[in-house]
Amino acid sequence: MTTTTTAKKLKLDGGKHKKTLVQLHFCIDKPVLRTCPSCALSYTKGAADDEALHRVHCARVQKGMEWGREEERENVKAGVVEVAGGVKLSNGVRGRIICFRADIGGKIGSKVTTLLETVNLTLSAPPMAREALAKSKLYLFLVPPSQTKTSGTREKIVGWVVAQRIETAMAIASPDQQGSQGEECSNHAEDTTGTGATDAPPLVVVDTGMGIFCHPEHLPTPMGIPRLFVASTHRRQGIATKLLTAAARTFIHGCVLDPRKGQVAFTQPTGDGNAVMLKWGGGGVRIYEG
């Protein structure tokens with residue numbers, strides 16, 4: 001539905017009040033629903049609320065958000081800790097990583113809400129439960145304005161990760177293990193005597209498109225990653241791996257976690273998230289239900 005270029009004005013109450021009416025008509029040759037190539041958000045073209053939401057969301061997805069004086073004033077009260085400084089990325093840019101509780105309030109809490117809304121909208125994921133946030137920490141990668149070639153004095157939040165305390169997760173089956181079970185199932189189906197039955201439990205299907213299957217056993221796992229996001233203009237620079245490494249090193253005080261030993265798990269990842277998970281975790285990262 002589109003609008004004409006002119007609008008009719010009607011005089012009401014003897015000309016004292018004027019109300020502008022807009023003539024609408026259907027335009028069936030143009031699609032109303034648009035999908036942005038930059039942020040992948042689908043929205044209704046011509047709907048003011050949808051377009052406003054898209055403009056704000058698209059800017060956050062591409063450029064990240066700001067971390068300014070308002071947030072810095074609450075650092076001590078909120079327990080914000082810098083866990084890594086002078087972190088160098090592959091493009092030469094240096095930044096720092098800070099950490100704090102995910103269920104925090106105040107100005108920083110408002111920023112957290114916006115950050116989570118952005119990643120949830122991007123992933124089409126439901127909001128994290130309050131109970132889950134109470135067991136989580138948020139890690140932000142901040143880049144100074146001098147490194148981003150932007151005016152102003154505020155740092156840019158170009159990436160963030162939520163690390164959550166969990167109890168158990170499932171180990172991902174290797175391609176060989178997936179193939180072996182497929183052969184066993186096929187042989188069992190052809191066996192009419194019942195002597196070829198296998199005691200191996202079936203694998204749990206996580207994502208057939210990405211070929212993720214898990215062993216059904218729930219193994220003790222201390223840390224989960226329910227949310228991971230990097231602004232699109234800052235991707236392919238190693239920000240995600242820097243954040244994950246910082247989380248694994250500091251999430252539990254005095255205990256450095258090793259993803260290659262199955263001590264870290266992801267919720268069902270996206271395509272990009274799966275690539276990061278495999279590269280960073282070396283095949284040892286597990287899967288859990290967030």
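Mentor: Let's start with a definition: two rings of Phe, Tyr or Trp (its six-membered ring) form an aromatic pair if their centres lie within 6.5 Å. Keep in mind that this is a predicted model.

Trainee: How many aromatic pairs does the structure hold?

Mentor: A pair of aromatic rings is described by the distance of the centres and the angle of the planes. Trp67 and Phe100 make one such pair, at 6.0 Å centre to centre. Trp160 and Phe229 make another, at 4.8 Å. The number of aromatic pairs is two.

Trainee: Is the pair of Trp67 and Phe100 stacked or edge-to-face?

Mentor: Planes under 30 degrees apart count as stacked, and those over 60 as edge-to-face. Trp67 is in strand 7 and Phe100 in strand 9, 33 residues apart, and both are buried. The angle between their planes is 25°, so under that cut-off the pair is stacked.

Trainee: How many residues apart in sequence are the parts that Trp160 and Phe229 tie together?

Mentor: Nice follow-up! This pair is tilted, with 35° between the planes, and Trp160 and Phe229 are both buried. Trp160 belongs to strand 11 and Phe229 to strand 16, so the pair joins parts of the chain whose separation is 69 residues.

Trainee: Which residue lies over the face of Phe229?

Mentor: A charge can sit over a ring when CZ of Arg is within 6 Å of the ring centre. Here the distance from the ring centre is 5.5 Å, and the residue is Arg235.

Trainee: Which helix gives the largest share of the largest nonpolar core?

Mentor: That core has 35 residues, and among those touching the most other members are Ile97, Tyr139 and Phe141. A second, separate core has 29 residues, including Ile108 and Leu115. In the largest core, seven residues come from the helix that spans 239-250, which is helix 8.

Trainee: What is the distance between the end C-alpha atoms of helix 8?

Mentor: Helix 8 has 12 residues, so at 1.5 Å a residue the expected span is 16 Å. Its buried residues include Leu243, Leu244 and Ala247. The distance between the end C-alpha atoms agrees with the expected span, and its value is 17 Å.

Trainee: Is Phe141 buried or exposed?

Mentor: Phe141 sits in strand 10, and its contacts include Ile97, Val158 and Leu243. Its C-alpha atom is 5.9 Å from that of Val158, although the two are 17 residues apart along the chain. Buried means under 20% relative accessible area. Phe141 has a relative accessible area of 0%, so Phe141 is buried.

Trainee: Which residue just after helix 4 takes a positive phi?

Mentor: Helix 4 has 18 residues and reaches 26 Å from its first C-alpha to its last, and its buried residues include Val112, Leu115 and Val119. In the loop between helix 4 and helix 5 there is a residue with a relative accessible area of 67%. Its phi is about 55° although it is not a glycine. That residue is Ser124.

Trainee: What is the relative accessible area of Arg236?

Mentor: Arg236 is in the loop between strand 16 and helix 8. Its phi is near 65°, a positive value in a residue other than glycine. Exposed means over 50% relative accessible area. Arg236 counts as exposed because its relative accessible area is 68%.

Conventions:
Residues numbered from 1 in each chain as written. Predicted model: local features only at pLDDT ≥ 70, side-chain atom pairs only at ≥ 80, totals over all residues. Heavy atoms only, no water. Core = buried A, V, L, I, M, F, W, Y, C linked by side-chain atoms within 4.5 Å. Buried < 20%, exposed > 50% of the residue type's maximum accessible area, 1.4 Å probe, protein only. Helix = DSSP H or I, 4+ residues; strand = E, 2+ residues; numbered from the N terminus. Lys NZ or Arg CZ within 6 Å of the ring centre and 35° of its normal. Expected span 1.5 Å × (residues − 1). Contact = heavy atoms within 4.5 Å. Lists of a residue's contacts leave out its neighbours within four places in sequence.
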